Amino acid sequence: MAKVPTAAVAASGLVGGYAVARWTKKRPLGGVALAAAGTVAAYEWNRQAGPRAAVGLTTAYVAAFAGSHPLAKKVGAWPAVFAVAGGVAAASWAVTRRAA
């Protein structure tokens with residue numbers, strides 16, 4: 001089975017969670033998608049880089065979600081989501097790359 005990079009899982013969770021919430025008009029459903037991807041990413045971060053890295057990256061994931069809201073007021077919703085998703089993906093890649 002091909003391995004999906006955790007950077008892609010985390011970014012997809014942020015983008016996918018917003019997309020699901022927006023298109024279904026059900027924010028809790030978007031939250032489920034966000035949490036599911038975050039859980040998978042956290043598990044893999046722990047496995048690949050250890051618990052300290054997993055806690056740090058999970059904190060970054062949650063902070064990115066929270067930070068996208070005020071950022072969206074300045075640059076728009078989709079640009080904000082893509083910006084924070086890119087930031088989390090870059091952090092994930094950097095941390096898991098070093099651990100490999």
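How much space lies in the largest pocket? About 330 Å³, in what is a predicted model. The legends below start with that pocket and then move along the helices.

**View 1. The largest pocket and its lining.** Welcome to the pocket, which has 16 lining residues. Those nearest its centre are Tyr18, Ala21, Arg27, Phe65 and His69. Helix H1 (6–24), helix H2 (27–49), H3 and helix H4 (77–99) each give the lining at least two residues. H3 provides the largest share, with 5 residues. By residue type, the lining holds 10 nonpolar, 5 polar and 1 charged.

**View 2. Ser68 on helix H3.** Here we look at Ser68, a member of helix H3 (residues 51–75). Is Ser68 buried or exposed? Its relative accessible area is 10%, below the 20% limit, so Ser68 is buried. A polar atom of the Ser68 side chain lies 2.7 Å from the backbone oxygen of Phe65. Phe65 has already appeared in View 1, among the residues nearest the centre of the largest pocket. Leaving aside residues up to four places away in sequence, Ser68 touches Ala80 and Val84.

**View 3. Helix H1 and the residue that follows.** This view takes in H1 and Lys25. The 19 residues of H1 should span 27 Å at 1.5 Å a residue, and because its end C-alpha atoms are 26 Å apart, the two values agree. Buried residues of H1 include Thr6, Ala7, Val9, Ala10 and Ala11 in its earlier part, and the list goes on with Gly13, Leu14, Gly17, Ala19 and Ala21. Of these, Ala21 is also one of the residues nearest the centre of the largest pocket. After H1 comes Lys25, with a positive phi near 60 degrees.

**View 4. Lys25 in the loop between H1 and H2.** Staying with Lys25, we find this residue in the loop that joins H1 and H2. What is worth a second look in its backbone? Phi of Lys25 is positive, near 60 degrees, in a residue other than glycine. Most residues other than glycine have a negative phi. Lys25 has a relative accessibility of 72%, so it counts as exposed.

**View 5. Helix H2 from end to end.** The 23 residues of H2 reach 32 Å from first C-alpha to last, close to the 33 Å expected at 1.5 Å a residue. Which residues of H2 are buried? They are Gly30, Leu34, Ala37, Gly38, Ala41, Ala42, Glu44, Trp45 and Gln48. An α-helix has 3.6 residues a turn, so residues three or four places apart point the same way. Just after H2, Gly50 has a positive phi of about 100 degrees.

**View 6. Ala54, a buried residue of helix H3.** Ala54 belongs to helix H3. Its relative accessibility is 7%, so Ala54 counts as buried. Not counting residues up to four places away in sequence, Ala54 touches Ala42, Trp45 and Asn46. Two of these partners, Ala42 and Trp45, are on the list of buried residues of H2. Ala54 can also be paired with Thr96: they are 42 residues apart in sequence, and their C-alpha atoms are 9.7 Å apart in space.

**View 7. Thr96 on helix H4.** Thr96, the partner from the previous view, is found in helix H4. With a relative accessible area of 12%, Thr96 is buried. Its side chain reaches the backbone oxygen of Ser92 at 2.7 Å. Residues up to four places away in sequence aside, Thr96 touches Thr6, Trp45 and Gln48. Thr6 is among the buried residues of H1, while Trp45 and Gln48 are among those of H2.

**View 8. Two partly exposed residues, Ala60 and Gly86.** Ala60 sits in helix H3 and is partly exposed, with a relative accessible area of 28%. Between Ala60 and Ser92, 32 residues apart in sequence, the C-alpha to C-alpha distance is 9.3 Å. Gly86 is placed in helix H4 and, at 36% relative accessibility, counts as partly exposed. Along the chain Gly86 and Ser12 are 74 residues apart, yet their C-alpha atoms are separated by 9.8 Å.

How values were computed
Residues numbered from 1 in each chain as written. Predicted model: local features only at pLDDT ≥ 70, side-chain atom pairs only at ≥ 80, totals over all residues. Heavy atoms only, no water. Helix = DSSP H or I, 4+ residues; strand = E, 2+ residues; numbered from the N terminus. Buried < 20%, exposed > 50% of the residue type's maximum accessible area, 1.4 Å probe, protein only. Polar contact = N/O pair within 3.5 Å; in protein donor to acceptor, adjacent residues only side chain to side chain. Contact = heavy atoms within 4.5 Å. 1 Å grid on protein atoms, 1.4 Å probe; cavity = no way out; pocket = protein on both sides within 12 Å on 5 of 7 lines; lining within 4 Å. Points joined across faces, edges and corners; volume = space filled by probe spheres on them. Nonpolar A, V, L, I, M, F, W, Y, C, P; charged D, E, K, R; others polar. Expected span 1.5 Å × (residues − 1).
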